[in-house]
Amino acid sequence: MCSRAGMMSLRCLCRLVLRFLPRISALSPSLLKTLKADGDVHSPVMEETAIVSSESSELPVDILMDIFALLEIPDLVRAGSVCSSWHSAYTILRSSEMYRRPQTPCLFYTSESDGDNVACLYSLAEKRVYKLALPDTPIRRMHLIGSHNGWLVIADEMSELHIINPITGERVALPSVSTIEQVKPIFDNAGAVQKYKLSQYFGKRKMGSPLFYAPDSLRDHLYAKAFVFPDPATKSYIVALIHNPINQLSFTRVGDSKWTWLPPNAEYEDCIYIDGVLYALKGTGAIHAFDLTGPIVSRKVIMDNMKNAYERLYIVQTPSGDVLQVWRDQDLATRDIEGKDVIDISEMRVETRKIMLYKVDMATKEFVRINSLNEHVLFLGHNQSLCLTAEEFPHLKANHAYLTDNDEIIASSKSNCRDIGVFSLENGSTEEIVPPQLWCSWPAPIWITPNLTKMS
């Protein structure tokens with residue numbers, strides 16, 4: 001009854017069984033004989049497979065579910081393929097929404113050696129690559145402009161936005177790009193969209209004449225970054241969008257028919273969502289709060305301008321509830337030629353040189369520089385900015401930032417190398433995650449946290 005895939009998870013599963021010995025001991029005495037008192041499984045993997053499969057029928061489904069709830073998604077899926085009783089526990093666990101185990105973020109990318117509908121997921125926990133078939137989504141032809149809670153925000157070849165869960169395959173269309181405030185469609189005689197007019201204004205300020213783009217190229221010039229936030233109050237999801245001209249804000253709820261513009265400001269860099277309030281960080285360090293709970297959206301200035309922006313800025317909430325601003329200083333990569341640092345014109349690749357951290361007290365408007373994350377870890381890029389604890393995710397390096405690109409120029413330099421790596425906040429050094437030749441430069445790789453939840 002065992003599958004070859006299931007064998008890969010069983011050593012981990014046997015150790016997890018030990019956590020439930022008080023509940024198992026009265027039910028499965030023969031299983032206990034195979035385990036040492038110190039908690040180590042002493043038999044080899046093949047022997048463990050035979051033991052667990054022969055005894056699995058003695059374990060009630062509720063105990064299997066308790067054990068499976070401790071596994072990360074790859075191990076959970078493998079465990080669910082071992083035998084019929086394990087698959088039953090796996091299915092019930094998923095359908096009951098009891099599976100809420102925090103997941104280690106993975107690097108999501110595509111590869112030239114695979115088809116348009118195949119994506120790659122590099123697991124930091126296992127240091128291995130999984131390939132995901134997405135039959136209805138030619139992911140290599142999409143733009144990836146955001147990720148959060150297991151959802152990717154993608155722009156298709158007609159510049160329309162969708163959210164997709166690459167683990168479950170679920171895909172949901174967002175309101176048409178033509179409902180964004182500054183975008184107006186221009187139709188041909190047959191009623192098809194011929195091109196889009198992108199007006200150049202924010203608030204009441206006009207910056208120039210409109211620009212015109214074909215449907216397949218609008219996405220190169222319109223989208224900057226997107227976010228998917230669960231909204232417990234409505235039991236739905238909110239999608240926030242930073243878009244041009246000059247990084248304005250719009251949002252929508254899944255199921256809405258249009259995007260809602262949030263004037264009059266611009267130059268936003270990053271967002272977080274806390275208790276019905278969207279906090280948006282500007283490139284100057286200013287923080288604006290938009291209360292999305294009422295019929296009319298109100299805006300409040302939490303922090304005023306702090307600086308002239310040259311760095312890439314992020315806003316992130318720590319597990320303890322603190323709010324941080326993260327300033328990422330990037331510069332063009334150089335190479336040593338006869339003792340001099342020279343910019344390599346052939347690559348035009350940016351590199352992260354420095355990351356600065358600031359703790360923000362939004363009640364008192366205090367802004368304090370901190371030198372270390374201690375046991376915390378950052379994930380920065382086109383994803384929703386994340387701060388995790390190395391204690392909860394032991395495969396991650398404390399006081400480090402896991403980086404991918406999110407500079408707007410990546411859309412106009414699709415073949416360039418990417419600024420991807422693990423950056424030490426202690427000494428400023430950077431390590432590779434996986435060899436760069438494994439991924440395509442476009443769409444640019446992005447962090448994603450696997451999630452088995454279905455939006456519907």
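These entries record what I looked up in a predicted model of a single protein chain.

**Entry 1: the chain as a whole**

I began with the secondary structure and found nine helices and 32 strands. I then checked burial: of the 456 residues, 52% count as buried. For the surface, I noted an exposed area of about 21000 Å², with carbon and sulfur atoms supplying 51% of it. I also looked up the contacts between residues at least 6 apart in sequence, and 52% of these join residues at least 24 apart.

**Entry 2: helix H8**

I next took helix H8, residues 84-95, and compared its length with expectation. At 1.5 Å a residue, its 12 residues should span 16 Å, and the end C-alpha atoms are indeed 16 Å apart, which agrees.

Which residues of H8 are buried? I listed Trp86, Ala89, Tyr90 and Leu93. Viewed down the helix axis, these buried residues fall within an arc of 100 degrees, so they line one face of H8. On the face turned away from that buried side I found the exposed residues Ser84 and Ser95. After the helix comes Glu97, and I recorded its positive phi, near 60 degrees.

**Entry 3: Pro230**

I located Pro230 in strand S13, which covers residues 223-231. Its relative accessible area is 34%, so I entered Pro230 as partly exposed. Leaving aside residues up to four places away in sequence, I found that Pro230 touches Asn149, Ser236, Tyr237 and Tyr273. I also checked His148, which is 82 residues from Pro230 along the chain; the two C-alpha atoms are separated by 9.4 Å.

**Entry 4: salt bridges between separate elements**

I turned to charged pairs. Side chains of opposite charge can pair when their charged atoms come close. The structure holds 14 salt bridges, and I examined several of them.

The side chains of Glu72 and Arg101 meet in one, at 3.6 Å from N to O. Glu72 lies in the loop between helix H6 (61-68) and helix H7 (73-79), and Arg101 in the loop between H8 and strand S1 (106-109), so the pair ties together parts 29 residues apart in sequence. Glu72 counts as buried because its relative accessibility is 15%, whereas Arg101, at 25%, is partly exposed.

Asp322 forms a salt bridge with Lys359, and the closest N and O atoms are 3.6 Å apart. I placed Asp322 in the loop between strand S21 (312-317) and strand S22 (323-332), and Lys359 in strand S25 (residues 350-361); the partners are 37 residues apart. Both are partly exposed: Asp322 has a relative accessible area of 30%, and Lys359 has one of 38%.

**Entry 5: Asp405 and its loop**

Is Asp405 buried or exposed? At 3% relative accessibility, Asp405 counts as buried. I found it in the loop between strand S29 (400-403) and strand S30 (421-424).

Which residue forms a salt bridge with Asp405? The partner is Arg418, with the closest N and O atoms 3.7 Å apart. Arg418 lies in the loop between S29 and S30, as does Asp405, and the two are 13 residues apart. I noted that both Asp405 and Arg418 are buried. The side chain of Asp405 also reaches the backbone nitrogen of Asp419, at 3.1 Å.

**Entry 6: a salt-bridge network**

Finally, I looked for salt bridges that share partners. Such bridges join Asp75, Arg78 and Glu126 into one network.

Note on methods
Residues numbered from 1 in each chain as written. Predicted model: local features only at pLDDT ≥ 70, side-chain atom pairs only at ≥ 80, totals over all residues. Heavy atoms only, no water. Helix = DSSP H or I, 4+ residues; strand = E, 2+ residues; numbered from the N terminus. Buried < 20%, exposed > 50% of the residue type's maximum accessible area, 1.4 Å probe, protein only. Contact = heavy atoms within 4.5 Å. Areas by Shrake-Rupley, 256 points an atom, 1.4 Å probe, with all protein chains shown as cover. Expected span 1.5 Å × (residues − 1). Arc of directions from axis to C-beta. Polar contact = N/O pair within 3.5 Å; in protein donor to acceptor, adjacent residues only side chain to side chain. Salt bridge = Lys/Arg side-chain N within 4 Å of Asp/Glu carboxyl O.
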